[in-house]
Amino acid sequence: MSRIVHEINRFTSLVIRSSLRILALFLFLFLLYEGITRGYRFGYRIFCPDPNPVRAEETVTVAEDTDAAKLAGELEEKGIIWNQFAFLFTKKFYQETLVPGSYKVDSSMTIPEILDVLSGKSTTAAEGGS
């Protein structure tokens with residue numbers, strides 16, 4: 001009888017270990033899929049943004065000691081940009097430097113266009129940079 005119990009326990013252990021491995025594999029594949037799709041959507045939205053049907057226009061004042069993260073948060077709250085982290089990522093990617101001054105920006109502009117205005121490269125939407 002103990003040999004039969006031993007065989008049943010061994011078989012049960014094998015089934016449980018195999019089930020846990022399969023579950024771990026499915027969890028890993030699910031997380032990998034989610035990471036890839038979310039990363040793709042984030043990158044696509046940065047470089048190929050959707051046109052914003054609601055146009056919001058703001059005057060942004062950049063001071064000498066303006067923190068880019070704080071400015072990005074304010075722009076997101078006002079509806080000018082869709083994501084503050086996308087703004088900071090794009091600023092870092094394009095190595096932009098904010099130039100003090102007052103600028104007009106609106107939600108129909110892409111993040112690189114807004115950064116061009118705030119860095120003084122584009123004068124079309126600027127009220128007056130220093």
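In this predicted model, a good place to start is the spot where two helices meet: Ala86, Phe87, Thr90, Lys91 and Tyr94 of helix H3 touch Ile111, Pro112, Ile114, Leu115 and Leu118 of helix H4. Sorted by character, the residues of this contact come out as eight nonpolar, one polar and one charged. The two helices pack at an angle of about 65°, and their axes lie 10 Å apart. The crossing of H3 past H4 is right-handed.

H4 itself spans residues 111–118, and its buried residues are Ile111, Ile114, Leu115, Val117 and Leu118. Looking down the axis of H4, these buried residues fall within an arc of 160°, so they line one face of the helix. Just past the end of H4 comes Gly120, with a positive phi of about 85°.

Helix H2, residues 68–77, has its own set of buried residues, namely Ala68, Leu71, Ala72, Gly73 and Leu75. Their cover includes strand S1 (57–62) and strand S2, along with H3 and H4. H2, too, is followed by a glycine with a positive phi: Gly79, near 85°.

That leaves a residue that goes against the usual pattern. Most residues other than glycine have a negative phi. Gln95, though not a glycine, has a positive phi of about 50°. Gln95 sits in the loop that runs between H3 (84–94) and S2 (101–106). Gln95 is also exposed there, with a relative accessible area of 69%.

Methods:
Residues are numbered from 1 along each chain as its sequence is written. This is a predicted model: local features need pLDDT of at least 70, side-chain atom pairs count only at pLDDT 80 or more; totals for chains, interfaces and linings use all residues. Side-chain values use heavy atoms; hydrogens and water are left out. Helices (H or I, at least four residues) and strands (E, at least two) are DSSP runs, numbered from the N terminus. Buried means under 20% relative accessible area, exposed over 50%, partly exposed in between (1.4 Å probe, protein chains only). Contact means heavy atoms within 4.5 Å. The arc is that of the directions from the helix axis to the C-beta atoms. Axes are lines fitted to C-alpha atoms, for helices over the stretch in contact, and angles run from 0 to 180 degrees between N-to-C directions. A crossing is left-handed if the near helix is turned anticlockwise from the far one by less than a right angle, and right-handed if clockwise. Ala, Val, Leu, Ile, Met, Phe, Trp, Tyr, Cys and Pro count as nonpolar, Asp, Glu, Lys and Arg as charged, and the others, Gly among them, as polar.
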